[in-house]
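Reader: I am new to this structure and would like a close look at a single part of it. Please take one sheet and go through it strand by strand, then say what lies elsewhere.

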Amino acid sequence: MGGLNNEVMRLLRFAGVALASFWFCIQAIPSRAQSQQASPLPQGAIRVSVDRVNVGVIVTDAQGRFVEGLRREDFQVFDNLAQQPLTDFTTVEEPAQVLLLIEAGPAVYLLEGGHLQAAYSLLNGLSAGDRVAVVKYADVPAAIIDFTIDKLAAENALGELRFNLGFGSLNLSSSLSTILDWLTKVKGKKTVVLLSTGVDTSPSNEWGVLLQRLKTSDVRILAVSLTGELKNPQPNRKKKTPASNSPPASMQFDEADQLLKGIAEATGGRAYFPKSAKEFSAAYAEIAQLVRHEYSLAFVPAAHDGKIHSIEVRISSLGGANASTASYRVDHRQAYLAPPPDPQ
């Protein structure tokens, strides 16, 4: 009996160290209120080299299902609030390039891998031609498996994931910047499915730089928050969570949620905040559908000024003149970087 008690105490101490390291990371989150103001354009921003701006658009109904059958005349595109004629329009359903980016810090360990079990719903929902890569991050991103159509290999990669349990860093912004660098060499429709608490210990200037890159990038990010069970623990996991949800911790969770929303929305993606295995599975099932379906629009840039231009896409009608668009959702990237002025 004494040996059993010693083993229990050892496991509790181990879980306590992991929990303490997670809360250490939370306390290290810098304030980003000022970094969201003006930020210099990063050197790695994607530049438009031809007179064509491509915009991938996802339109879904109130149940999250992709809306099919829309026509060119159903869409209106605005460049800095000025409507632009479409030069190209196609309905795209093609193999997806899906990079699964997973936070590998102490909080994920504490959740006992429940969200990873649900991630199999994503892999099972993808089509045979979709390619998947698995990358983990804590202080820096580390590739576990490169893009492959072998979904079984991707599942095995999830099972091999190892967590950083020490007092390390969770550099979300800087890790995403590195991922964007990697993906510039990947062709096709690219999606990052981010599994993260939203905790970010990157240097304070990283977020502003990343936001500019995300807005002009051709990569869509679908973020899945992992904090649901930390904020609302199940009874059998209370020993692995804080004794109380103090106001400072609640504020940090709110900031982490806002960061995930900002990351996703800048790319025309979405953020999900599931609280249970069932909600995780539902989120991944929707993601598996969204990564394949989109409308591809194109227009000529309004000016060659080397500046960032905002993009807005509106739906003029859905299902006829009397149909309401209020129950539909339209997602697309927010901006593009115009070509530089023509040489004199």
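Author: What follows goes through one sheet, then a pair of helices, then the nonpolar cores. The model is a predicted one.

The sheet is open and has four strands, in the order 4-11-1-13, with antiparallel pairing. Its edges are strand 4, residues 88–93, and strand 13, residues 329–331, each of which pairs on one side only. On average, neighbouring strands of the sheet are turned by 25° against each other, direction ignored. In general, the strands of a sheet pair through backbone hydrogen bonds, either parallel or antiparallel.

Start at the edge formed by strand 4. Six bridges join strand 4 to strand 11, residues 293–299, in the antiparallel sense. Within this pairing, Thr-91 stands opposite Tyr-295 of strand 11.

Next in the order after strand 11 comes strand 1. Strand 1 and strand 11 run antiparallel and are joined by five bridges. Here Val-53 has Phe-299 of strand 11 as its bridge partner. Strand 1 covers residues 53–60 and is mostly covered, with seven of its eight residues buried.

The pairing of strand 1 with strand 13 is also antiparallel, and three bridges join the two. In that pairing, Ile-58 stands opposite Asp-331 of strand 13. Strand 13 is an edge strand, and the order of the sheet ends there.

Now to the helices. Helix 5, residues 172–183, packs with helix 6, residues 206–216, at an angle of about 35°, and their axes are 9 Å apart. The crossing of the two is left-handed. Helix 5 makes the contact with Ser-173, Ser-174, Leu-176, Ser-177, Leu-180 and Asp-181, while helix 6 brings Glu-206, Trp-207, Leu-210, Arg-213 and Leu-214. By type, the residues of this contact divide into five nonpolar, three polar and three charged.

Last, the nonpolar cores. As a general tendency, nonpolar side chains in soluble globular proteins are buried together. The largest nonpolar core in this model has 49 residues, of which Phe-75, Tyr-284 and Ile-287 touch the most other members. Helix 9, residues 277–290, supplies the largest share of this core, six residues. Another core, of 26 residues, lies apart from it, and includes Leu-176, Leu-180, Leu-183 and Ala-266. Leu-176 and Leu-180 thus appear twice in this account: they belong to the core of 26 residues, and they are among the residues of helix 5 in the contact with helix 6.

Conventions
Residues are numbered from 1 along each chain as its sequence is written. This is a predicted model: local features need pLDDT of at least 70, side-chain atom pairs count only at pLDDT 80 or more; totals for chains, interfaces and linings use all residues. Side-chain values use heavy atoms; hydrogens and water are left out. Two strands pair if DSSP finds at least two bridges between them. Axes are lines fitted to C-alpha atoms, for helices over the stretch in contact, and angles run from 0 to 180 degrees between N-to-C directions. A crossing is left-handed if the near helix is turned anticlockwise from the far one by less than a right angle, and right-handed if clockwise. Contact means heavy atoms within 4.5 Å. Ala, Val, Leu, Ile, Met, Phe, Trp, Tyr, Cys and Pro count as nonpolar, Asp, Glu, Lys and Arg as charged, and the others, Gly among them, as polar. A nonpolar core is a set of buried Ala, Val, Leu, Ile, Met, Phe, Trp, Tyr and Cys residues joined through side-chain atoms within 4.5 Å. Buried means under 20% relative accessible area, exposed over 50%, partly exposed in between (1.4 Å probe, protein chains only).
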